[in-house]
Amino acid sequence: MTSVDTAGLPPAERFDFWQDLVARQSSTATIRSAYAGDFTASARVVDLGTLRLGVWRYPSLEFTRPAHLIDSADPELYQLALPLSGRGVMTQQRREGPLDPSAFALVDTVRPHGSRLRPDDATPGVVETLTVLLPHRALPLAPHRLAELCATDIPARTGMGALLAAFLRRVAAHPEQYAAADAPHLDRIAVDLIAGTLAGRLDVARDLPVDTRITVLRARVTAFVRQHLTDPALSPAAVAVAHHLSLRSLHRLFEGTGTTVGGLIRAGRLERAARDLADPRLRRLGVAQIGRRCGFAHPAHFSRAFRAAYGLSPGEHRDRAARG
C-alpha cells in the first residue's frame, strides 16, 4: 500500500505534486481545481497485481484527458470510479453520466474523457472517490460491448454492484488485514466481481467463463448468508432453495475454499454474537436473548458453539469485554 498526503508540503507545491501523482497512477491529463492555491489532499493506493485500488480525498477537481494527451504507447486501461462522497459528472463518447455514491462510472482511459467532482451538502469541503484501474485484457468481455457502459451509471447499491462495492471498500479501507500472499486471491475475486457486475449490466452474464461465474455465484451466496444470519431457519437447504440450486451443487460451489455454507452461517452468527455481547448498549439483554438475535434458537447450542469457537462461554466473554 502507498499513502500520500499533501499536508506535509508547502501550499504552493501541493497542486503540482497532485498533478504528478495522478499522471503516475493513471494517465496524463489536464487537472483544475478551485483550491489549486492550497490543495490539501490525500491518496491511498493498493496494488493487487492485475488491478490497482485507490482512495482519493480532495476539495474539488476537474479532470480532462483530451485526444492530444493520449499516446499510442499508453497502457490500455479501464477505470471504474465510485464516489464515496461528493457529486459530479463523467463524460466520454459524447455521453455524460452522473457521479454520485449510488453508482459506479466506467471510462476507457485511452479514449478522451473527463470528470468534474465537487463536495455535497453531507460532506462540505471534501470529495472522496474509490477508483479501480485494470487492463482491457483482464475483462472477458468484448470491448465494443464495454464501450456501451462508458459514462453511464452502474448501480452500486443493489445486485452485483452492491457486492462489488462492499468488497472493494473493505479491501481499500483495511489492506493491513491481509497478508501479501492474499493479494493474488483478492485480485482474482475483484476482477471476477467487476466482470460479473458489468456483464450483468449488459445482460451477457451467461457468456462469462465458468470460473468467473462460480466466483460471482459464491459471492452472492455469501452475501445472502450475511444478510439472513438472524433468521433461525437459515440453513444450507434454505440457501440452496433461494438460489435455485440443489443442495449438492451448493456444497460443490464451496469445495476447495476451506469452508462450507454451514460453516459460513455458524461463523457469521458467532462473530455477530461476540460483537453484540461486547456492546455496552446491549447489556440490558440476556445472553440467551443475544443468541436468539443472532439466529441461535437454543441457548444450550449457542453456549456450546460459542465456547468451541472462542474458548469461553458467552457470559465470560461479556464479562471480559466489560472489564476492558
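Modeller: Let's start with the terms: a residue counts as buried under 20% relative accessible area, as exposed over 50%, and as partly exposed in between. Keep in mind that we are looking at a predicted model.

Colleague: Thanks! Then why is R87 called partly exposed?

Modeller: Its relative accessibility is 40%. That value falls between the cut-offs of 20% and 50%, so R87 is partly exposed.

Colleague: And what makes R87 and D100 a salt bridge?

Modeller: Their closest N and O atoms are 3.9 Å apart. The cut-off is within 4 Å, so the pair qualifies. R87 sits in strand β7 and D100 in the loop between β8 and β9, so the bridge ties together parts 13 residues apart in sequence.

Colleague: Why does D100 count as buried?

Modeller: D100 has 15% relative accessibility, and the limit is under 20%, so the label fits.

Colleague: What makes R57 and E128 a salt bridge?

Modeller: Here the closest N and O atoms are 3.6 Å apart, which is within 4 Å, so this pair also passes. It links distant parts of the chain, with R57 in strand β4, E128 in strand β11 and the two positions 71 residues apart. R57 has a relative accessible area of 36% and is therefore partly exposed.

Colleague: How do you know that R281 is exposed and D279 buried?

Modeller: R281 is at 65% relative accessibility, over the 50% mark, so it is exposed. D279 is at 16%, under 20%, so it is buried. These two form a salt bridge as well, with their closest N and O atoms 2.9 Å apart. The structure holds nine salt bridges.

Colleague: How many salt bridges are counted between domain 1 and domain 2?

Modeller: Zero. Two residue pairs are in polar contact between the domains, though. Domain 1 covers 2-206 and domain 2 covers 210-322, and their C-alpha centres lie 34 Å apart.

Colleague: How do you know that domain 1 and domain 2 are in contact?

Modeller: Contact requires heavy atoms within 4.5 Å, and ten residues of domain 1 meet nine residues of domain 2 on that basis, so the domains do touch. Between them they bury about 690 Å², with 68% of it on carbon and sulfur atoms. On the domain 1 side, M160, L163 and D192 lose the most area, together 57% of what that side buries.

Colleague: Which elements give two or more residues to the side of domain 1 that touches domain 2?

Modeller: Those are α3 (159-173) and α4 (183-202). Of the elements on that side, α4 gives the most, with five residues. The residues of this side divide into six nonpolar, one polar and three charged.

Colleague: A195 is found in helix α4. Why is A195 called buried?

Modeller: A195 has 0% relative accessibility, which is under 20%, so the name is earned. Beyond its neighbours within four places in sequence, A195 is in contact with L139, P140, L141, L208 and T212.

Colleague: What makes Q79 buried?

Modeller: Q79, in strand β6, stands at 18% relative accessibility; that is still under 20%, so Q79 is buried. Leaving out residues up to four places away in sequence, Q79 touches A105, L106, V107, T109, T131, V132 and L133.

Colleague: And what share of the protein chain counts as buried?

Modeller: Of its 324 residues, 46% do. The chain has eleven helices and twelve strands, and its C-alpha trace spans about 70 × 50 × 35 Å along the principal axes.

Key: Residues numbered from 1 in each chain as written. Predicted model: local features only at pLDDT ≥ 70, side-chain atom pairs only at ≥ 80, totals over all residues. Heavy atoms only, no water. Domains from an automatic or database assignment. Buried area = accessible area lost by both parts, 1.4 Å probe. Salt bridge = Lys/Arg side-chain N within 4 Å of Asp/Glu carboxyl O. Polar contact = N/O pair within 3.5 Å; in protein donor to acceptor, adjacent residues only side chain to side chain. Helix = DSSP H or I, 4+ residues; strand = E, 2+ residues; numbered from the N terminus. Nonpolar A, V, L, I, M, F, W, Y, C, P; charged D, E, K, R; others polar. Buried < 20%, exposed > 50% of the residue type's maximum accessible area, 1.4 Å probe, protein only.
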